[in-house]
Amino acid sequence: MLNHYLIVDQSVLPDYFLKVIEARKLLENGTYTQVSDAARAVGISRSTYYKYKDKVMEPSQVAVGRTATLMLTLSHEAGVLSKVLNRVSGFGANILTLTQSLPVHDQASLMLSVDVSGMRASLEDLTQTLEQTSGVEKLRLAALE
């Protein structure tokens, strides 16, 4: 997964990349609950936020380490969570924390903190396998520590 990333000095990037990061922080810390409000507060459009939100991260969010935090959106179907947990376990990763929301509109959010230090394959292999799992609607690598 990390072979698709570059380390670039922020001074050479368009300012809207930094504004996307700032808007994401405002949403994550609860300052705003609506993307449109957070985007407006930092001076970008909603479409700019959505276009880059999963593509622009700070170094602390992609530094290679032993704990990965994954954000998943799951279909509200019996057995989906079990499939995800079995796949994570099958890679030799150890689940540290698991937080799942109640389903809304037949989808539930899942946040997994996983110890990846003992994995038998790469984190990229794990994320690709999870993305291809039936019932996983969306997956985002939120952080590596």
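Let us start with one residue, Val84. If we set aside its neighbours within four places in sequence, Val84 is in contact with Leu72, Leu74, Leu110, Leu112, Leu130 and Val136. Keep in mind as you look that this is a predicted model.

Those contacts lead us to the nonpolar core around Val84. The largest nonpolar core has 21 residues, and Val84 is among those with the most contacts inside it, together with Leu72 and Leu123. Which elements give two or more residues to this core? They are strand 1 (67–75), helix 5, strand 3 (107–115), helix 6 and strand 4 (136–144). There is also a second, separate core, made of 14 residues, and it includes Phe17, Val20, Val35 and Ala39.

Now let us look at how some of the helices pack. In general, two packed helices are described by the angle between their axes and the distance between the axes. Take helix 5 (residues 80–90) and helix 6 (residues 123–131): their axes come within 10 Å and cross at roughly 160°. Angles over 145 degrees count as roughly antiparallel, and helix 5 and helix 6 are therefore roughly antiparallel to each other. Their crossing is right-handed. Where they meet, helix 5 brings Val84, Arg87 and Val88, while helix 6 brings Leu126, Thr129 and Leu130. Sorted by class, this contact has 4 nonpolar, 1 polar and 1 charged residues. You can spot our starting residue, Val84, on the helix 5 side.

A second pair of helices can be read in the same manner. Helix 1 (residues 15–28) and helix 2 (residues 35–42) pack with their axes 9 Å apart, at an angle of about 135°. That angle makes helix 1 oblique to helix 2. The crossing of helix 1 and helix 2 is right-handed. From helix 1, Lys19, Glu22, Ala23, Leu26 and Leu27 meet Val35, Ala38, Ala39, Ala41 and Val42 of helix 2. By class, the contact between helix 1 and helix 2 has 8 nonpolar, no polar and 2 charged residues. Val35 and Ala39, which take part in this contact, are also included in the second core.

While you are looking at helix 2, find Asp37, which has its place there. Is Asp37 buried, partly exposed or exposed? Its relative accessibility is 27%, so Asp37 counts as partly exposed. The C-alpha atoms of Asp37 and Leu26 are separated by 9.5 Å, and the two residues are 11 residues apart along the chain.

Next, let us turn to the strands. Thr69 lies in strand 1, and Ser113 is found in strand 3. Thr69 has a relative accessible area of 11%, so it is buried. Ser113, at 13% relative accessibility, counts as buried too. Not counting residues up to four places away in sequence, Thr69 touches Met111, Leu112, Ser113, Arg140, Leu141, Ala142 and Ala143. With those close sequence neighbours again left out, Ser113 touches Ala68, Thr69, Asn94, Ile95, Leu96 and Thr97.

Strand 1 also holds Ser75. At 10% relative accessibility, Ser75 counts as buried. Leaving aside neighbours within four places in sequence, what is Ser75 in contact with? The partners of Ser75 are Val80, Asp106, Gly135 and Glu137. You can also compare Ser75 with Arg140: these residues are 65 residues apart in sequence and 15 Å apart in space, C-alpha to C-alpha.

One of the partners of Ser75, Asp106, takes us to our last stop. Asp106 lies in the loop between strand 2 and strand 3, and His105 has its place in the loop between strand 2 (94–100) and strand 3. Most residues other than glycine have a negative phi. Asp106, however, has a positive phi of about 60° although it is not a glycine. The phi of His105 is near 55°, which is also a positive value in a residue other than glycine. Are these loop residues buried or exposed? His105 is exposed, with a relative accessible area of 77%. Asp106 counts as exposed at 55% relative accessibility, whereas its contact Ser75 counts as buried.

Notes: Residues numbered from 1 in each chain as written. Predicted model: local features only at pLDDT ≥ 70, side-chain atom pairs only at ≥ 80, totals over all residues. Heavy atoms only, no water. Axes fitted to C-alpha atoms, helices over the stretch in contact; angles between N-to-C directions. Helix = DSSP H or I, 4+ residues; strand = E, 2+ residues; numbered from the N terminus. Parallel < 35°, antiparallel > 145°, perpendicular 65-115°, else oblique. Left-handed = near helix turned anticlockwise from the far one by under 90°. Contact = heavy atoms within 4.5 Å. Nonpolar A, V, L, I, M, F, W, Y, C, P; charged D, E, K, R; others polar. Core = buried A, V, L, I, M, F, W, Y, C linked by side-chain atoms within 4.5 Å. Buried < 20%, exposed > 50% of the residue type's maximum accessible area, 1.4 Å probe, protein only.
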